[in-house]
Amino acid sequence: MREKKIHYKDINVFITCSLCNGYLIDAATIPECLHTFCKTCIAAYLENDEEDNTRCPKCDSVIDHVNPWRVLVFDRTLQSIAYKLVPHLYKEEIERQIAYYKERDLSYPPSLVEKLQEKRDEEEQQIIPANSDLHIYDDQVAICIDTKTKDLQPLPRKFIICSSNATVTHLKKLLAKMIFQDPCQYRKIDIYLDEQILGKDHTMRFISLTKWRHKMPPICLTYGIASD
Ligand SMILES: [Zn+2]
Ligand SMILES: [Zn+2]
């Protein structure tokens, strides 16, 4: 299935409050015309005696009620869409509410802090999805790798930064890709530290902690055609 890209400019109109021109917060809808505003924006409008506060600020529909404030409908669906579409909107709103209480030396509802923590946890999970194979957040190690006997061509770049969880096999696959343009041929390559062939399952962390312990990075390795 082809993904369809949607631009913010096309959807902004649906999640923006025309009273404050910001994204909707606590979306409240006028049932007569279905126009939606932030709760605090429409409340301020309706409570302002100088305005004709019996009409929708957008379309002028008469809000036909003795107490218009009571007929507003809180649109949770639209609000959750706005929160989903606009990064940080929800978090910033909770932070703003907490700041409001703090500035006035009021004790704030503990649910606010819980909401904020939930949101932060959610964001962390999004950055590193469960069961992800990404290693970009691992500790990194610097490696300098050169051809040992010149039986294999030198690399265009000798310096590599990789995850400390990368194994010797990963490194061989990278070399095979650069040398043979085919990572599947990695068994043709051996990697050495000094004169010693490195075991295929050793991680770069292990090598750095055992065989390169008292030396400065990068770890200097060489490679050559596998002996068998
Ligand atoms: Zn507003
Ligand atoms: Zn309206």
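**Entry 1: the zinc ion (ligand 1)**

I began with C38, which is buried because its relative accessible area is 4%, under the 20% that I take as the limit for a buried residue. I note at the outset that this is a predicted model. I then looked up what C38 binds, and found that C17 (SG), C20 (SG), C38 (SG) and C41 (SG) coordinate the zinc ion (ligand 1) at 2.3 to 2.4 Å. Along the chain, these donors have the spacing C-x2-C-x17-C-x2-C. I recorded that C20 and C38 are 18 residues apart and link distant parts of the chain. C20 sits in the loop between α1 (8-15) and β1 (27-29), whereas C38 belongs to strand β2 (residues 36-38). I checked C20 for exposure as well: its relative accessible area is 39%, so it is partly exposed.

What arrangement do the four donor atoms around the zinc ion (ligand 1) make? I found angles of 107 to 115°, and the arrangement is therefore tetrahedral.

**Entry 2: the zinc ion (ligand 2)**

I next listed the protein donors of the zinc ion (ligand 2), which are C33 (SG), H35 (ND1), C56 (SG) and C59 (SG). They lie 2.0 to 2.4 Å from the ion. Their spacing along the chain reads C-x1-H-x20-C-x2-C. The four donor atoms subtend angles of 104 to 116°, so I entered this site as tetrahedral.

Are C56 and C59 buried or partly exposed? C56 has 1% relative accessibility and therefore counts as buried. C59 has a relative accessible area of 32%, so it is partly exposed.

I also looked up Y45, a residue of helix α2 (residues 39-47). Y45 is buried because its relative accessible area is 12%. Y45 and C56 are 11 residues apart along the chain, and I noted 9.5 Å between their C-alpha atoms.

**Entry 3: aromatic pairs**

How many aromatic pairs does a search of the whole structure find? The search gives three. In one of them, the ring centres of Y83 and Y90 are 4.8 Å apart and the planes stand at 70°, so I described the pair as edge-to-face. Y83 is buried because its relative accessible area is 18%. Y90, at 23% relative accessibility, therefore counts as partly exposed.

I then turned to Y100 and Y101, another edge-to-face pair, with 5.9 Å from centre to centre and 90° between the planes. Y100 has a relative accessible area of 41% and so is partly exposed. Y101 is likewise partly exposed, because its value is 25%. I noted that Y108 joins Y100 and Y101 in one aromatic cluster.

**Entry 4: the five-stranded sheet**

I traced an open sheet of five strands, in the order β5-β4-β8-β6-β7, with mixed pairing. Which strands are at the edges? They are β5 (159-163) and β7 (196-197), each of which pairs on one side only. I reminded myself that strands of a sheet pair through backbone hydrogen bonds, either parallel or antiparallel.

I followed strand β6 (residues 189-193) to its partners. It pairs with β7 in the antiparallel sense over two bridges, and with β8, also antiparallel, over four bridges. On the β7 side, L193 stands opposite Q196 and Y192 stands opposite I197. On the β8 side, D190 stands opposite G224. The hairpin of β6 and β7 has two residues between the strands, and D194 takes a positive phi near 55° there.

I checked how well β6 is covered and found that five of its five residues are buried. I189, I191 and L193 lie on one side, with D190 and Y192 on the other, and both faces are covered.

I then examined helix α7 (residues 168-180), which packs on the sheet. It touches β4 (140-147), β5, β6 and β8 (219-225), and its direction makes about 125° with that of β6.

**Entry 5: S164**

My last entry concerns S164, which I placed in the loop between β5 and α7. S164 has 3% relative accessibility and therefore counts as buried. Which residues is S164 in contact with, leaving aside its neighbours within four places in sequence? I listed D139, Q140, V141, T203, M204 and R205.

Definitions and conventions. Residues numbered from 1 in each chain as written. Chains lettered and ligands numbered in written order. Predicted model: local features only at pLDDT ≥ 70, side-chain atom pairs only at ≥ 80, totals over all residues. Heavy atoms only, no water. Donors = N, O, S within 2.8 Å, 3.2 Å for Na, K, Ca; no water. Tetrahedral: all angles 85-135°; square planar, octahedral: opposite > 155°, others 65-115°. Buried < 20%, exposed > 50% of the residue type's maximum accessible area, 1.4 Å probe, protein only. Pairing = 2+ DSSP bridges. Contact = heavy atoms within 4.5 Å. Axes fitted to C-alpha atoms, helices over the stretch in contact; angles between N-to-C directions. Phe/Tyr/Trp six-rings, centres within 6.5 Å; stacked < 30°, edge-to-face > 60°.
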